[in-house]
Amino acid sequence: MSTTDLLRANLLSPIALSFALGIVARLVRSEFSLPKDIYIGISIFLLWSLGLQGGIELHHSSLRAIAWPAAATVALGCLTPVSAYLVLRRLGRFTAADSAAMAAHYGSVSAVTFIAATTFVKGQGAEAEGFMPTLLTLLESPGIAVALMIGAIQTNTRGRPIHEVLHEVLTGRTMVLLVGGLVVGFLIGDRNWEVIQPFYDTRGAIFRGLLCLFMLEMGVTAGARLGDLRKVGGFLLGFGMLMPLVHGALGVWLGHLAGLSIGGATVLGTMAASASYIAAPPAVRLTLPDANPTYYLTSALVITFPFNLMIGIPVYFQLARWLGGAP
Amino acid sequence: MTPATMKLVTIIAEHVLREAITADLKRLGARGYSVGEVEGEGTRGVHAQDWQGKNVRIETVVAPEVADRILTHLAGTYFHDYALVAYATTVEVVRSQKFA
């Protein structure tokens with residue numbers, strides 16, 4: 001399949017089109033939006049399913065299979081905030097606080113982008129390793145920690161101490177459900193899993209259907225911020241698309257070196273390329289109050305998220321296929 | 001029971017500040033507080049969490065000197081960087097010993 005075919009297949013997926021409809025709904029000023037509690041409920045379901053399924057798969061994986069991919073993930077978590085910071089500070093001439101704030105978002109990971117990537121590679125017949133959710137939990141916090149530390153060193157911050165804020169990141173919804181799900185999934189064993197699998201299966205109809213609903217609301221949220229694109233300027237627009245390509249390529253390459261399959265390397269690349277917009281914003285707001293939220297919210301949610309969803313994922317997949325020697 | 005005159009301090013702030021502010025209130029002498037979520041618009045525009053949480057309105061009834069302390073503290077700590085409004089109004093309460 002050529003890159004163009006992959007792009008077309010991805011753009012016509014229910015996930016991408018749901019997201020697009022959300023944006024359109026907002027642009028035509030429709031009153032449509034998902035009630036917040038339902039949106040939060042769906043995100044809990046998605047994360048919990050992901051954790052449980054990851055735990056079951058973890059049960060079937062050997063430590064040796066996970067060790068190198070885990071090391072690659074932690075390396076990415078420490079590297080990507082530094083590269084993002086340097087590009088923003090040196091080339092973009094942003095303040096230290098703004099650069100560190102955005103670096104925290106690009107160093108961390110977006111769980112929704114992760115789900116989109118796993119769904120995409122599955123659809124292409126190149127399913128990723130089952131332990132990928134474990135890597136997702138590994139990548140969530142180092143990036144935020146590294147970037148906030150850069151910020152603390154480079155600025156005279158009046159914000160809250162980093163360790164207090166990191167506690168909030170580590171005990172947030174994403175981490176509790178993912179890590180908790182991994183542990184529970186690992187412990188319950190196959191026979192118990194069979195009973196609840198029809199409900200929680202991340203390959204199943206319920207998961208994918210709810211993901212589309214979730215994407216509708218993500219589109220509405222992104223659409224509401226489209227106007228902010230004018231405020232952030234051309235540099236950030238380019239940064240929001242080129243930085244993911246660099247981080248994505250690095251992630252795919254490291255994933256390949258660590259022995260991941262084509263699907264696994266694609267998902268790791270996507271994780272490295274994605275920018276967090278759920279865990280990072282409140283942590284950054286409290287630790288780096290000088291940083292302008294319009295910059296980090298707009299670049300992570302309005303530029304990088306749709307870019308990865310629409311274009312990035314198929315590109316990382318093509319790269320992984322090429323590295324993996326697929327025809 | 002004769003009502004006593006106290007101050008009702010109302011704070012409307014970004015959702016991320018909820019924990020920090022309620023901890024401040026207790027430290028500065030408030031005996032209790034109420035928190036609710038509110039929606040609205042102000043001069044600051046974007047809020048770091050406005051797709052996850054709304055703004056919070058925190059209310060506490062305190063003695064006038066405590067109200068002064070709270071408002072001074074909020075002004076010095078948060079006004080520069082965060083979207084936050086705070087004001088005090090005079091209220092008549094019964095059982096005033098509950099608040100002081």
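Student: How do I read the way helix 11 and helix 14 of chain A sit against each other?

Tutor: Two packed helices are described by the angle between their axes and the distance between the axes. This is a predicted model, and in it helix 11 (residues 229-257) and helix 14 (residues 293-323) of chain A have axes that come within 8 Å and cross at roughly 35°. The crossing of helix 11 past helix 14 in chain A is right-handed.

Student: What kinds of residues make up that contact between helix 11 and helix 14 of chain A?

Tutor: Split them up and you get 18 nonpolar, nine polar and one charged.

Student: Let me step back. How many helices and strands does chain A have?

Tutor: Chain A has 14 helices and zero strands, so reading from the N terminus you meet α after α.

Student: And how do I judge the overall build of chain A from its radius of gyration?

Tutor: You hold the value against what a compact globule would give. With 327 residues, that would be near 20 Å; chain A has 19 Å, so the two agree. The C-alpha trace spans about 55 × 45 × 45 Å along the principal axes of chain A. Of its 327 residues, 52% count as buried. As for contacts in chain A between residues at least 6 apart in sequence, 87% join residues at least 24 apart.

Student: Can we zoom in on one residue? Is A:I162 buried or exposed?

Tutor: In between! A:I162 is partly exposed, because 19 other C-beta atoms lie within 10 Å, and buried would take 20 or more. A:I162 sits in helix 8 (residues 162-170) of chain A.

Student: Which residues does A:I162 touch, leaving aside neighbours within four places in sequence?

Tutor: A:I162 is in contact with A:L148, A:M149, A:A152 and A:T287.

Student: Now chain B. In what order do the strands of its sheet lie?

Tutor: For a sheet, look at the order, then the pairing, then the edges. Here four strands form an open sheet in the order 2-3-1-4, with antiparallel pairing. Strand 2 (34-38) and strand 4 (84-93) of chain B are the edges, each pairing on one side only. From one strand to the next, the twist averages 20°.

Student: Which elements pack on that sheet, and at what angle?

Tutor: Helix 1 (residues 18-27) of chain B does, touching strand 1, strand 2 and strand 3 (55-62), and its direction makes about 5° with that of strand 3 of chain B. Helix 2 (residues 64-77) of chain B lies across strand 1, strand 3 and strand 4, at about 15° to strand 1 of chain B.

Student: How many bridges join strand 1 and strand 4 of chain B?

Tutor: Strand 1 (residues 4-13) and strand 4 of chain B pair in the antiparallel sense over 10 bridges. Find B:A13 and you'll see B:L84 of strand 4 standing opposite.

Methods: Residues numbered from 1 in each chain as written. Chains lettered and ligands numbered in written order. Predicted model: local features only at pLDDT ≥ 70, side-chain atom pairs only at ≥ 80, totals over all residues. Helix = DSSP H or I, 4+ residues; strand = E, 2+ residues; numbered from the N terminus. Rg over C-alpha atoms; globule rule 2.2 N^0.38 Å. Buried ≥ 20, exposed ≤ 12 C-beta atoms within 10 Å, placed from the backbone. Contact = placed C-beta atoms within 7 Å. Axes fitted to C-alpha atoms, helices over the stretch in contact; angles between N-to-C directions. Left-handed = near helix turned anticlockwise from the far one by under 90°. Nonpolar A, V, L, I, M, F, W, Y, C, P; charged D, E, K, R; others polar. Pairing = 2+ DSSP bridges.
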